[in-house]
Amino acid sequence: MFNLLWGVGFVAVNFALFLVCYRLFGKNGLYTWIGAATLLANIQVVKTIEIFGIVMTLGNTIYATIYLTTDLLNEKYGEKEARKAVWFGFFTMIMSLVIMQMVLHFKPGADDFSQDALQTIFGTTPRIVLGSLCAYFVSQFLDVRIFSRLKVAYPSRSQLWIRNNGSTGLSQLVDTLIFSSIAFIGLYPWDVWWEIAITTYVLKFVISAASTPVIYWARSFKFADER
């Protein structure tokens, strides 16, 4: 029960900080959030928790806010800005991967106490790294494209929830299937693979659906330099 209640608070804090970041820094804050979220998601994913007897990884909450961010950029600033943010996040992932792999190859000093911890966090297997990169690249650009199409089909301001949840629901399904397939097929039996994929997708979608009021609130923010 503690993990469930703490998890609800954790989601609320993520959403609140997202709103603060956008309120304080405007569009630049959204790019900042993308960079931070991609880094934190890849760090948090190494920790597993259990809720209602289901084992899941952390990282899904902050990762879901990436979709929230690109959808908000698409809604207020257009598809070009949203695609730019996706490229920015992808570069952040590549940059952190290259730099931290080089860090791990330094020979630690005699009194060093961080090598093992850094190895645990950043010494991920090649399949997980490849799965993460491919899933992010494909699903994020898919999300931007679907959102833009839904924006044409459902253009009303009150229909933002259709654009947001429709694009996110489909793209997160693709994200989950790509990552789970590359990272885990052959490593786990099929029944375990399906459990991982289904629980991961459901958790991501629930968090994204919960962000609907957040994107409506964020859309109402006005900035002097954007008038």
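Reader: Which residues are linked with Glu75 in a network of salt bridges?
Author: In this predicted model, Glu75 is linked with Arg163 and Arg219 in a network of salt bridges.

Reader: Let me take one pair from that, then: how far apart are N and O where the side chains of glutamate 75 and arginine 219 meet?
Author: The side chains of glutamate 75 and arginine 219 meet in a salt bridge with an N to O distance of 3.2 Å. Glutamate 75 belongs to helix 2 and arginine 219 to helix 8, so this pair ties together parts of the chain that are 144 residues apart in sequence.

Reader: And are glutamate 75 and arginine 219 buried or exposed?
Author: Both glutamate 75 and arginine 219 are buried.

Reader: How many salt bridges does the structure hold?
Author: The structure holds five salt bridges. One of them joins the side chains of glutamate 81 and lysine 27, at 3.7 Å from N to O. Since glutamate 81 lies in helix 3 and lysine 27 in helix 1, that pair ties together parts that are 54 residues apart in sequence.

Reader: Why does glutamate 81 count as buried or exposed, whichever it is, and what about lysine 27?
Author: Glutamate 81 is buried because its relative accessible area is 18%, and buried means under 20%. Lysine 27 has a relative accessibility of 26%, so it counts as partly exposed.

Reader: Which residue forms a salt bridge with lysine 204?
Author: Lysine 204 forms a salt bridge with aspartate 175, and their closest N and O atoms are 2.6 Å apart. This pair links distant parts of the chain, with lysine 204 in helix 7 and aspartate 175 in helix 6, 29 residues apart. Both lysine 204 and aspartate 175 are buried.

Reader: Back to helix 2 for a moment; at what angle do the axes of helix 2 and helix 3 cross?
Author: The axes of helix 2, residues 60–77, and helix 3, residues 79–104, cross at roughly 155 degrees and come within 7 Å. That angle makes helix 2 roughly antiparallel to helix 3, and the crossing in which helix 2 passes helix 3 is right-handed.

Reader: What about the axes of helix 2 and helix 8, how do they cross?
Author: The axes of helix 2 and helix 8, the latter covering residues 212–219, come within 10 Å and cross at roughly 40 degrees. The two helices are therefore oblique to each other, and helix 2 passes helix 8 in a right-handed crossing.

Reader: Switching to the surface: which residues form the nonpolar patch?
Author: The nonpolar patch on the surface is formed by Ile185, Trp190, Trp194, Ile198, Val202 and Val206, which together have about 600 Å² of accessible area.

Reader: Where does isoleucine 185 lie?
Author: Isoleucine 185 lies in the loop between helix 6, residues 160–184, and helix 7, residues 190–210. Isoleucine 185 is partly exposed, its relative accessible area being 32%. Glycine 186 also lies in the loop between helix 6 and helix 7, and glycine 186 is exposed, with a relative accessible area of 74%.

Reader: How far apart in space are glycine 186 and glycine 166?
Author: From C-alpha to C-alpha, glycine 186 and glycine 166 are 31 Å apart in space, with their positions 20 residues apart in sequence counted as their separation.

Reader: One last residue: where is the place of leucine 5?
Author: Leucine 5 has its place in helix 1, residues 2–44, and counts as exposed at 57% relative accessibility.

Terms used: Residues numbered from 1 in each chain as written. Predicted model: local features only at pLDDT ≥ 70, side-chain atom pairs only at ≥ 80, totals over all residues. Heavy atoms only, no water. Patch = residues over 30% accessible without salt bridge, like charges linked within 9 Å, V, L, I, M, F, W, Y side chains within 5 Å. Areas by Shrake-Rupley, 256 points an atom, 1.4 Å probe, with all protein chains shown as cover. Salt bridge = Lys/Arg side-chain N within 4 Å of Asp/Glu carboxyl O. Helix = DSSP H or I, 4+ residues; strand = E, 2+ residues; numbered from the N terminus. Buried < 20%, exposed > 50% of the residue type's maximum accessible area, 1.4 Å probe, protein only. Axes fitted to C-alpha atoms, helices over the stretch in contact; angles between N-to-C directions. Parallel < 35°, antiparallel > 145°, perpendicular 65-115°, else oblique. Left-handed = near helix turned anticlockwise from the far one by under 90°.
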